[in-house]
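Please open the structure in a viewer and keep the sequence at hand. The tour below proceeds by selections, from the whole chain to its parts.

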Amino acid sequence: PRTWSTLCYQLLMLPLGIFYFTVAVTALAFSLAIALMPLAEAINGRPSMVWWNDVSISLPLWAMPITIAIGLGLLLLTLHGARLIGTMHGAIAKHLLVRGG
């Protein structure tokens with residue numbers, strides 16, 4: 001039974017690894033893009049615009065600190081999510097790989 005559970009664990013690693021990587025990269029890129037948008041606007045000297053249904057949306061100056069706070073908050077949520085995924089993955093590995101007492 002231990003051999004079969006180890007094989008099951010190995011087969012489970014490919015889809016889980018793809019999922020973990022996709023979620024981590026997407027969440028990190030999204031949160032850092034939001035947090036660093038005001039810096040990009042300051043370097044470029046022009047406002048960053050988001051296009052939504054062929055309408056350009058740019059944030060007013062007063063919204064920039066809020067944007068940074070939201071981006072950093074999303075970054076913290078991303079890191080906590082990664083910790084949660086690691087805990088859940090450890091439980092899966094312990095269940096499938098460690099001999100029960």
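Display the whole chain as a cartoon: from the N terminus on, the elements of the protein run α-β-β-α. There are 2 helices and 2 strands, where helices (H or I, at least four residues) and strands (E, at least two) are DSSP runs numbered from the N terminus. This is a predicted model, in which local features need pLDDT of at least 70 and side-chain atom pairs count only at pLDDT 80 or more, while totals for chains, interfaces and linings use all residues. Residues are numbered from 1 along each chain as its sequence is written, and side-chain values use heavy atoms, with hydrogens and water left out.

With the whole chain still in view, consider its extent. The C-alpha trace spans about 65 × 25 × 20 Å along its principal axes. The radius of gyration of the protein is 21 Å, well over the 13 Å that the globule rule gives for 101 residues, so the protein is more spread out than a compact globule. This radius is taken over C-alpha atoms, and the rule is 2.2 Å times the number of residues to the power 0.38.

Next, select helix 1 (2–44) and helix 2 (64–97). Their axes come within 9 Å and cross at roughly 175°; axes are lines fitted to C-alpha atoms, for helices over the stretch in contact, and angles run from 0 to 180 degrees between N-to-C directions. Helix 1 and helix 2 are therefore roughly antiparallel to each other, a term for angles over 145 degrees. The residues of their contact divide into 24 nonpolar, 8 polar and 2 charged. Here Ala, Val, Leu, Ile, Met, Phe, Trp, Tyr, Cys and Pro count as nonpolar, Asp, Glu, Lys and Arg as charged, and the others, Gly among them, as polar.

Now select residues 49–52 and 55–58, which are strand 1 and strand 2. The two strands run antiparallel and are joined by 4 bridges; strands pair if DSSP finds at least two bridges between them. M49 has S58 as its bridge partner in strand 2, and W52 has V55. The strands form a hairpin with 2 residues between them, and N53 in the turn has a positive phi of about 55°.

Finally, which residues line the largest pocket? Select I34, M37, S48, V50, I57, L59, A63, I66, T67 and I70. A pocket is an open set of points on a 1 Å grid over the protein atoms alone, where a 1.4 Å probe fits, with protein on both sides within 12 Å along at least five of seven lines; lining residues have an atom within 4 Å of a point. Helix 2 gives the most to this lining, with 3 residues. The lining divides into 8 nonpolar, 2 polar and no charged residues.

Note on methods: Parallel < 35°, antiparallel > 145°, perpendicular 65-115°, else oblique.
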